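I opened this model to make a few notes on its chains, its ligand and one strand that caught my attention. The entries below follow the order in which I looked things up.

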Amino acid sequence: MALLDIEDLEVTFRTSSGQFRAVDGVSLHVDAGEVLAIVGESGSGKSVAMLAVMGLLPWTAQVSARRMAFEGRDLLGLTARERRKIIGKDIAMIFQEPTSSLNPCFTVGFQITEALRTHLGLDHRACQTRAAELLQLVGIPAPEQRLKAFPHQLSGGMNQRVMIAIAIACNPKLLIADEPTTALDVTIQAQILELLVKLQADTGMGLVLITHSMGVVAETARRVSVQYAGQKVEEQTVADLFRDPRHPYTAALLAALPERAVGRRLPSIPGVVPGQFDRPPGCLFAPRCALATPLCHTTPPPRREGALCHYPLHDGIAQGHPGRKETAA
Amino acid sequence: MFRFLLKRLALTIPTFIALMFITFVMIRLVPGDPIEVRKGERGISPERLAQLRHEMGLDQPVWKQFLDYANGLLHGDFGTSIISKAPVLHEFLTLFPATLELTLSAMIFAIVLGIPAGVIAASRRGGVYDQTLMGLALTGYSMPIFWWGLILILLMSNTLGLTPVSGRVDLIKFYYEPVTGFMLIDSLLSGQKGAFLDAVHHLILPMIVLGTVPLAVIARMTRSSMLEVLEEDYVRTARAKGLSWARVVGIHALRNALIPVVTVIGLQVGGLLAGAVLTETIFSWPGVGKWLIESINRRDYPALQGGIMLIAGIVIVVNLLVDMLYGLINPRIRHAK
Ligand SMILES: Nc1ncnc2c1ncn2[C@@H]1O[C@H](COP(=O)(O)OP(=O)(O)OP(=O)(O)O)[C@@H](O)[C@H]1O
Ligand SMILES: [Mg+2]
């Protein structure tokens with residue numbers, strides 16, 4: 001049984017200018033002990049989808065899904081109180097901005113022990129011991145002293161370690177890491193990723209790693225789901241995806257990797273992810289796609305060979321494409 | 001911290017001198033002087049008038065009077081009341097506990113109701129509670145003290161007969177020596193049955209009247225600060241831990257939201273003392289506010305001047321204390337050097 005199982009997740013925001021569908025029919029599953037990466041540009045609904053799992057979206061969001069289950073237990077039907085027993089304990093999440101994600105008014109120790117007290121009912125001494133142990137585990141030196149520090153006294157990297165310590169405090173079965181390294185500088189990024197992967201391997205928890213970067217995907221995950229404008233455009237194992245991307249968007253993302261770049265300029269995909277007001281009627285990627293045909297612009301694509309595309313790629317060849325047959329990149 | 005305090009104190013000295021000068025001149029600009037307002041129907045002979053003025057130093061030029069006064073102040077001498085002939089400082093200190101009791105209870109009233117009201121309004125943003133509470137707050141904020149006091153007296157005392165109209169204690173039924181100057185405490189210490197309840201009865205209306213504006217300000221400030229904080233990432237983190245809504249709002253959000261509220265509370269202290277002058281007059285509350293009004297009517301220059309300086313000093317000290325409290329609840333300030 002999958003740890004997390006989502007089918008056709010839809011999240012719609014009510015905004016002052018009408019409805020906006022930020023997540024549009026996303027399905028994914030994570031097994032115990034597995035690392036799933038979710039990749040996509042900014043605005044593709046990665047965070048919103050995972051916040052929906054956590055139940056942390058604002059009240060303007062409407063969440064629906066054919067199925068959203070954790071260990072076989074339906075998450076959508078839970079009362080707020082029942083869900084609070086699961087999140088923070090069995091499902092934990094860390095966020096992009098470590099420093100603003102920690103409360104400036106409380107010590108690191110307080111913020112770690114809070115989860116322990118709430119979910120495990122540990123007493124004060126046991127909490128302190130466990131909190132120091134957790135800091136040790138996430139690689140913070142002199143943990144006993146650090147427990148008394150406030151977030152503003154620590155660096156961003158240290159704060160992200162603290163966030164990880166909070167998240168793994170109750171030995172979660174699933175950890176969702178939402179771009180845990182984006183706000184950190186490069187050397188620290190590698191350390192934090194390494195830490196996450198190591199913790200995942202040691203504890204056997206499931207890990208969902210949200211990222212912008214195909215580079216991060218290659219280093220960490222086994223399976224990857226590519227999301228674009230709220231839709232999942234394709235999903236494969238990392239090895240297969242890098243070898244043979246099916247969706248032109250994935251191919252473009254891979255071509256944008258610095259190490260695959262030809263020439264001096266860093267390649268990028270022209271255009272931006274459509275937002276609320278410029279959603280195309282057909283394929284959402286069509287306006288930016290080198291292979292788009294009139295059909296792509298008018299008709300939403302079917303899911304073919306695991307990709308949400310009219311002409312999925314196969315070894316770089318667009319299947320059934322009327323005109324050119326070269327690669328998307 | 002100590003250096004910070006010294007610096008802040010030093011900064012208040014020019015304010016203090018300016019205040020002293022302006023009040024000194026303004027008091028003397030008001031038509032009539034201490035002798036004229038006492039001369040009565042039959043008047044006073046010009047020679048006697050001149051003699052009295054000379055005795056009080058009022059025939060000196062204003063700048064000379066001012067320097068004399070400032071000199072006295074430097075030696076801790078606030079002058080002597082023209083009416084009672086008692087030292088101004090002594091009179092002030094005798095009356096101040098009554099004012100302190102009134103303002104403190106009004107402030108506690110405002111804080112105890114205002115903060116929860118703001119929190120409830122913020123967590124039910126746009127809902128019925130929010131709109132009702134904020135409507136009430138706006139009404140309370142616009143309520144003139146005189147009018148509000150009279151309305152409450154009419155309703156509670158006249159019509160319903162629930163509370164006394166004036167004073168701090170029913171002198172016919174109870175008498176006890178002041179120990180702390182706080183009626184609530186002294187009445188308990190006296191051990192007389194019913195005395196405490198009587199003191200509460202006397203306090204309750206003036207407390208509400210004086211506390212209404214700060215209550216409204218605190219409620220509105222708490223609400224807006226809370227709304228801002230509830231959007232913060234760390235509130236999301238707190239929710240992601242699976243904490244109860246009460247804990248997320250009451251501990252994680254409120255602690256941060258209180259930082260600007262504390263500042264506002266500090267800023268209310270000046271207004272509160274000004275309001276106390278009116279409130280004490282309406283309710284014949286024997287505090288420094290009522291005493292100041294009487295000093296104005298009698299043109300008791302030293303009492304008036306001394307009273308204003310002392311109140312200004314208190315406001316300054318309270319604001320300093322608030323600044324320190326601010327550092328206490330905001331670790332980012334506490335650790336900044
Ligand atoms: N509370 C909200 N109200 C309205 N729209 C929202 C809200 N939160 C997110 N959105 C919209 O949903 C879309 C998806 O946002 P999301 O944060 O999930 O993107 P993302 O893939 O996580 O991007 P990033 O890489 O920048 O984090 C965006 O267009 C965003 O503007
Ligand atoms: Mg995001």
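I began with chain B, in this predicted model, and read its elements from the N terminus on as α-α-α-α-α-α-α-α-α-α-α-α-α, which I tallied as 13 helices and 0 strands. I then took the extent of the C-alpha trace of chain B along its principal axes and noted a span of about 85 × 55 × 40 Å. Of the 337 residues of chain B, 34% count as buried, and among its contacts between residues at least 6 apart in sequence, 72% join residues at least 24 apart.

Next I looked up the contact between the two chains, to which chain A brings 24 residues and chain B brings 18 residues. On the side of chain A that touches chain B, I found that α2 (80-86), α3 (98-101) and α4 (108-120) each supply at least two residues, and that α4(A) gives the most, with 4 residues. By character, I sorted that side of chain A into 11 nonpolar, 8 polar and 5 charged residues.

I then turned to ligand 1, which is surrounded by 17 residues, the closest being A:A22, A:S42, A:K46, A:S47 and A:V48. The elements of chain A that give two or more residues to this shell are β1 (4-15), β2 (18-30) and α1 (46-54), and I noted that the largest share, 3 residues, comes from α1(A). The shell around ligand 1 divides into 5 nonpolar, 10 polar and 2 charged residues.

Why is strand β10 of chain A largely enclosed by the rest of the structure? I checked its residues, 223-228, and recorded that 6 of the 6 are buried, so the strand is largely enclosed. In a regular strand the side chains alternate between the two faces of the sheet. I therefore listed the faces separately, in keeping with that alternation. On one side of β10(A) I have A:R223, A:S225 and A:Q227, on the other A:V224, A:V226 and A:Y228, and all are buried, leaving both faces covered.

Last, I traced the strands that pair with β10(A). Strand β3 (residues 35-39) of chain A pairs with β10(A) in the parallel sense over 4 bridges, and in this pairing A:S225 is the bridge partner of A:I38. Strand β11 (residues 231-237) of chain A pairs with β10(A) in the antiparallel sense over 6 bridges, with A:Q227 standing opposite A:K232 in β11(A). I closed the entry on the hairpin that β10(A) and β11(A) form with 2 residues between them, where A:A229 in the turn has a positive phi of about 50°.

Note on methods:
Residues are numbered from 1 along each chain as its sequence is written. Chains are lettered from A and ligands numbered from 1 in the order in which they are written. This is a predicted model: local features need pLDDT of at least 70, side-chain atom pairs count only at pLDDT 80 or more; totals for chains, interfaces and linings use all residues. A residue is near a molecule or strand if its C-beta atom, placed from the backbone, lies within 6 Å of it. Ala, Val, Leu, Ile, Met, Phe, Trp, Tyr, Cys and Pro count as nonpolar, Asp, Glu, Lys and Arg as charged, and the others, Gly among them, as polar. Two residues are in contact if their C-beta atoms, placed from the backbone, lie within 7 Å. A residue is buried if 20 or more other C-beta atoms lie within 10 Å of its own, exposed if 12 or fewer, and partly exposed in between; C-beta atoms are placed from the backbone. Two strands pair if DSSP finds at least two bridges between them.
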